[in-house]
Amino acid sequence: MKNFILRTTWLIMFILVFANLFMFISGIVLSDEINNFELKTDSLRKNNLTLEKEAANLGSLKFAQEQAKKLQFTNSSLPQSLDKLGYAYRP
Amino acid sequence: MKIKLVFIFFILFYLAIIIRLFFLQVIYSPANKTPYLKTNKLNPIRGRIYDQKNNPLVLNQNSYQLYLEPKKIDDKDKLTHLLSDSLEIPEASLSANINMSKYWVGVQSGLTQEQKDKIDKLNLKGIGFDYQTKRFYPEASLSAHLIGFLGKNEQNEDVGYLGLEGFYDRDLRGLPGFVETERDIIGRPILIGVQQRVEPENGRDLVLTIDKTVQEISKKKLLAGLDLYKAKKGCVITADPKTMAILALVCLPDYDLEKYYLFSEDYYKNSAISDLFEPGSVFKPLIMAAALEEKKIKPNDTYNETGQVSVGEYNIKTWNDKYEGKISMTRILEKSSNVGMVYVGEKLGNKNIYGYLEKYGFGQPTDIDLQGEVSGYLKSRSNWYPIDYSTVTFGQGIAITPIQMIRAFASIINGGYLMRPYLVQKIVSENKVTEIKPKVEKRIISQLTSEIIKKMLISTVENAEAKWDRPKGYIIGGKTGTAQVPIKGHYDPSKTIASFIGFAPANDPKFLTFVVLYEPQTSPWGSETAAPLFFEIAKQLIVYYNINPTQ
C-alpha cells in the first residue's frame, strides 16, 4: 500500500513536471509566434501604405501629365476638338 | 536518503530562481530592462480623402523620426559627418543639436523609408527610429485650400487645420486603441499573464463631390488667367446648380501642402469662403428674379433710360454713361444698366429688397463643410439709407463671399431652391457608409420665375456688348460683374473685382461656374477678363462632360 502511494506520488509529480515543462515550452513557442505575427502585421501595414502610395502615383494627373509630355502628346496632337471637331473624328 | 536528495534538488532549484529574479529585478540595468507590463498606444490611421470618382487626394505614408541616444554614441564627429550627408543638414547645426548629457535627442521627423534604409546601412551606434505616418498628396497641391493641412497642437498631437482637414478633424482622426501585455525579458508576451487589447478605430474616409479633372481644369485655367490679366488673386468655383455639390473650388495663390509651414498665414486663407467682396453686376439677376417673383415687373416691360438717376445727393450712371431710351427688363441685364436696376429696385420696394437679401442667405454662413467660412455682412435694416437700396440692386454696398454668391445664383436657375453647398458626399468608416444628401434650405422663387430669369441670362450672354469666343452650338447663360474696391470710404476706379457667373447647357444646367479676379491690371472689366476665362473653362467642361451641342 505504502509503495503504491509512493509510486503514485512519483507518477503524479512526473506528470506535473512534464505538463509544466510542456506548457512552459508551448508558451514560449506561442509567444514567439505572436511576436512574429505582430512583426509581420506591422510590416504588411507598412507595405500596404507604400503600395497604396505607388498606385495613387500611377493614377495621378501629375503622372499622366509627365507621360503625355514624355510621349510628346501635346506636340503631335491637337485636343481642341470643340472648335476643330475634325480632329476628334479623324481616324 | 532519496527524500533528502529531492529536498536538496528543490532547494537548489528555488535558489536558482531567486538568484535569477534578483539579477533581473535588482542588478540588471534599468535602462536596458524591457518593461514587465507593457502598455502601447495603438494609433489609428487617419482617414483618407477621395474625389467623387474615388481617386485619392489625400493618403497616408510611412514616415520615421530619427533620434539619437547620445550616451551610446562612440564617435560623435563621425556620426554627425555621416548623418549630415544623408539628411542634408549642415554638420555644425547637427552637432550643436546633440547634447551628450541627454539620453534622447530627436533629430528629424518625416523621413521616408528610403532615407531610413540609407541611414540604417551606415551601421551607426546610438541612433534609432520612431515610426510615424504622415499625409501624402498624390495630386500635390491641386486642392490646397480645400483640403487644409495636418499640423500639431500644444500636446504634439496631429490636428487638422482649415479646409476639410479642419472641418472633419474628428471624423478623420479616429480613436486610439491600446495594448497591455506582460512581457518577458526579451519582450515576448507572457501568455498566462495580463493580455488586454483595445483595437483603435481608424479615421473615417471622406468621399468628396469634387471631381479632380474639373479641379485640374479650373486650376490650370485660373493660373493662366491670373498671368494673362495680371490679377492679384482669383477664384473659380464650379458647382452642380441643382444640388450645390461643389465640383471644383480653386483660389490662387495657394500653398504647398507638403511644406505649408514655409508659407505665411495669408496664403492659408481660402478667398472663396473667407474673403468678402462687393459683387457688382453679377448681383443684378438676383434682384431681377425677386422683382419677377413679386410680379412687380415682366421681362418685356420697358424702362425709359434717359440719363443719370439721382438718389439723394448721389448720381447713379451706367458703366459707359450711355443711355438707350426705352429698353426692356431683359435689355437692362444685357447692357448691365445700373440706372435700369435702380428702377427695378424701386418697383420691388425697399422692404422686399431687404427681405430677398435675407432669403438669399446673405449675412449668414452657407454652412459649407469647410473650416474658416465667414458669414458676410448685411447690416440691419434700420441702418440702411435710401442710397443703399439703390446701389444694392447693382451689387454695390453689400459684402458677401464668393460661395454665398454662387449659392444664391444657383437658386435662381434651379427652380428657386436655396441649397446648402457641400463637399463631402460620403463618410466611410470600417463598417458603415454615411451618405450626405443635398439639402434644400428654402425655396425663394417659383419654377416659372426661374425659367424666365434663365432665358434673360441666355439673352444676356448672346446680346452682351462684349463679344466672347464662346463654344459654338451651346446655349450658355450668365452675367458679368465689375465692382470697384472701396478704399477708405471711397471707391478706387483703378482697382476692381472682375467676375463672371455662368451655366451650361442653359436648358438643363450641368455646371455653374463663378470666376472672380481681384484687381486685374490689363482691363478693369469683368467682360474682358473673367468672362473670357469662364468661356475657356466652359469649353473644356463641355468636352469633359460630353455635352451635345443644341444649336
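Contacts between residues distant in sequence dominate chain B of this predicted model: of its contacts with a separation of 6 or more, 72% join residues 24 or more positions apart. Chain B comprises 18 helices and 23 strands. Buried residues account for 42% of its 551 residues. The C-alpha trace of chain B extends over about 130 × 50 × 50 Å along its principal axes. In keeping with these spans, the radius of gyration of chain B is 32 Å, whereas a compact globule of 551 residues would have a value near 24 Å.

Within chain B, five strands assemble into an open, antiparallel sheet with the order β12-β11-β23-β22-β21. The edges are occupied by β12 (245-252) and β21 (477-487) of chain B; each has a single partner strand, so one side of each remains without a neighbour in the sheet. On average, and with direction ignored, neighbouring strands of this sheet are turned by 15° against each other. Strands of a sheet pair through backbone hydrogen bonds, in either a parallel or an antiparallel manner. In the pairing of β11 (residues 233-240) of chain B with β12(B), the two strands run antiparallel and are joined by seven bridges. Gly234(B) has Leu252(B) of β12(B) as its bridge partner.

Two helices of chain B were examined in relation to this sheet. Helix α8(B) lies across β11, β12 and β23 (511-518) of chain B, and its direction is at about 30° to β12(B). Helix α17 (residues 447-462) of chain B also packs on the sheet, where it touches β21 and β22 (490-504) of chain B. The direction of α17(B) makes about 75° with that of β21(B).

Chain A presents another architecture. Its secondary structure consists of four helices and zero strands, and its elements follow the order α-α-α-α from the N terminus. Of the 91 residues of chain A, 2% are classed as buried.

The contact between the two chains involves 19 residues from chain A and 21 residues from chain B. On the side of chain B that touches chain A, the elements giving two or more residues are β3 (56-68), α8 (212-229) and α18 (530-544) of chain B. The largest contribution to this side comes from β3(B), which gives five residues. By residue class, the side of chain B that touches chain A contains 11 nonpolar, five polar and five charged residues. Helix α8(B) thus appears in two settings: it lies across strands of the five-stranded sheet, and it gives two or more residues to the side of chain B that touches chain A.

Key:
Residues are numbered from 1 along each chain as its sequence is written. Chains are lettered from A and ligands numbered from 1 in the order in which they are written. This is a predicted model: local features need pLDDT of at least 70, side-chain atom pairs count only at pLDDT 80 or more; totals for chains, interfaces and linings use all residues. Two residues are in contact if their C-beta atoms, placed from the backbone, lie within 7 Å. Ala, Val, Leu, Ile, Met, Phe, Trp, Tyr, Cys and Pro count as nonpolar, Asp, Glu, Lys and Arg as charged, and the others, Gly among them, as polar. A residue is buried if 20 or more other C-beta atoms lie within 10 Å of its own, exposed if 12 or fewer, and partly exposed in between; C-beta atoms are placed from the backbone. Two strands pair if DSSP finds at least two bridges between them. Axes are lines fitted to C-alpha atoms, for helices over the stretch in contact, and angles run from 0 to 180 degrees between N-to-C directions. The radius of gyration is taken over C-alpha atoms; the globule rule is 2.2 Å times the number of residues to the power 0.38.
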